Amino acid sequence: MRDGKEIREYLTRFSRLDQERFAVVKVGGVVMEDSLDELAAALAFLQSVGLSPVVVHGGGPQLDAALSAAGIASERRDGLRVTPPEAVAVVRDTLTDVNLKLVQAIRDCGGRAAAIPSGVFEAELIDEAGLGRVGEPSRVRLDQVAAAARAGQAPILACLGDTADGRLVNVNADAAVRALVHALQPYKIIFLTGTGGLLDASGEIISAINLATDFDELMDADWVSGGMRLKMAEIKRLLDDLPLSSSVSITRPEALAKELFTHAGAGTLVRRGERILDIDRLDKLDRERMRGLVAEAFGRAPVADYFERLDFHHAFVSESYRAAAITTRLDDAVYLDKFAVLDDARGEGLGGAVWRRLVEFAPRLYWRSRADNPVNEFYFAACHGAVKVGGWTVFWRGEDDLARIPTMVDRIVALPETLEGKAP
């Protein structure tokens with residue numbers, strides 16, 4: 001994490017929240033077993049900067065081993081662990097032990113955590129004859145969670161519930177998280193996994209998903225596995241129940257801080273997001289809002305006659321006018337005249353959503369940027385080639401006629417300045 005401005009921006013944003021509403025973190029039993037030290041260090045780091053997420057953990061592998069040792073077969077139906085009465089004590093003791101191990105590991109790393117293995121989820125039995133003592137949360141008791149957060153401790157919850165008549169029940173981790181999210185309305189939901197994010201067709205992590213624009217396409221893609229479809233549907237279900245500002249992050253424990261405190265992140269960020277407007281005529285563009293976006297993003301307003309002299313071709317703009325790409329034409333190539341993204345929109349993945357629409361639209365694309373533009377790191381990663389000329393760097397994608405690049409570069413460098421004030 002190199003950019004102190006980004007870190008301070010996110011820390012300020014998170015610190016303004018009631019701490020029990022900062023984040024709900026779901027940790028699977030596999031992560032608890034394989035990456036306990038990394039998990040504890042990540043949570044202790046958040047504690048060190050004043051953030052106390054609510055952690056919900058499972059214990060699948062640990063329960064499998066404990067039930068096997070007790071001579072009880074592990075059985076699942078429709079993704080739920082069958083829990084006969086004789087297994088309840090094993091489930092209780094095992095999940096409590098896992099809970100206490102995580103709490104102690106956090107404390108060993110200098111953090112503060114409160115063990116809350118039970119007492120939060122009131123549940124109703126789903127199908128006692130078929131599933132045994134497996135419950136669906138019907139109410140969430142937040143008194144212990146709130147007390148821990150007020151004391152500056154991260155509440156660590158196990159997936160144990162109790163019925164109205166006092167019987168202990170096993171609660172599915174996804175159901176527990178869903179109930180907790182509904183009750184708390186958190187700013188962040190975080191899934192800590194071994195893969196570190198949702199993977200694309202090439203096995204690479206998808207950095208950002210804007211559900212408003214990407215959900216249907218992903219659900220229809222033939223490379224998306226059934227498990228990923230279920231995860232996407234579950235995430236959408238969670239976010240549909242939350243304010244637009246909330247988001248889901250999927251990452252590894254050791255990458256948690258980078259995912260939370262940097263625009264680039266280190267996993268998959270999923271938001272309900274906004275539609276990206278596809279504008280093909282200048283009179284459809286809200287010029288005043290666009291002028292304000294450019295001025296805030298660049299720290300310099302567009303020149304007074306910017307839109308009058310703009311040879312407008314196309315624009316992709318988020319509904320909120322916090323991210324936009326404006327293009328013109330240079331012969332048969334598309335020229336990106338302005339790519340403007342506010343800092344908070346970058347953190348939400350809106351800039352990435354606009355960029356993806358742009359490169360789908362423009363197979364041959366050129367643009368320029370001042371040599372000291374902090375966005376150049378992204379541009380160098382996204383381009384197919386670049387050359388520095390004076391104070392400019394000219395980038396391109398999809399150019400198949402290398403002989404014309406020098407001419408295009410000269411034309412682009414010679415284009416007039418479009419922002420007021422002295423160029424850096």
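This passage describes two sheets and two helices of a predicted model. Residues are numbered from 1 along each chain as its sequence is written, and local features were required to have pLDDT of at least 70. Helices (H or I, at least four residues) and strands (E, at least two) are DSSP runs numbered from the N terminus, and two strands are taken as paired if DSSP finds at least two bridges between them.

An open sheet of eight strands shows mixed pairing and follows the order β5-β8-β2-β1-β11-β13-β14-β12. Its edges are formed by β5 (113-116) and β12 (208-210), each of which has a single partner strand, so that one side of each is left without a neighbour in the sheet. Neighbouring strands of this sheet are turned by 20° against each other on average, direction ignored, where axes are lines fitted to C-alpha atoms, for helices over the stretch in contact, and angles run from 0 to 180 degrees between N-to-C directions. The pairing of β5 with strand β8 (residues 154-158) is parallel and comprises four bridges, with Ile 116 opposite Leu 157 in β8.

Four further strands, in the order β6-β7-β10-β9, close into a barrel with mixed pairing, in which the twist averages 60° from one strand to the next. Strand β6 (residues 121-125) pairs with strand β7 (residues 134-140) in the antiparallel sense over five bridges, and Glu 122 stands opposite Arg 139 in β7. Helix α8 (residues 173-184) packs on this sheet, in contact (heavy atoms within 4.5 Å) with β6, β7 and β10 (168-171), and its direction makes about 10° with that of β7.

In helix α15 (residues 350-361), the buried residues (under 20% relative accessible area, 1.4 Å probe, protein chains only) are Leu 350, Gly 351, Ala 353, Val 354, Trp 355 and Leu 358.

Definitions and conventions
This is a predicted model: local features need pLDDT of at least 70, side-chain atom pairs count only at pLDDT 80 or more; totals for chains, interfaces and linings use all residues. Side-chain values use heavy atoms; hydrogens and water are left out. Buried means under 20% relative accessible area, exposed over 50%, partly exposed in between (1.4 Å probe, protein chains only).
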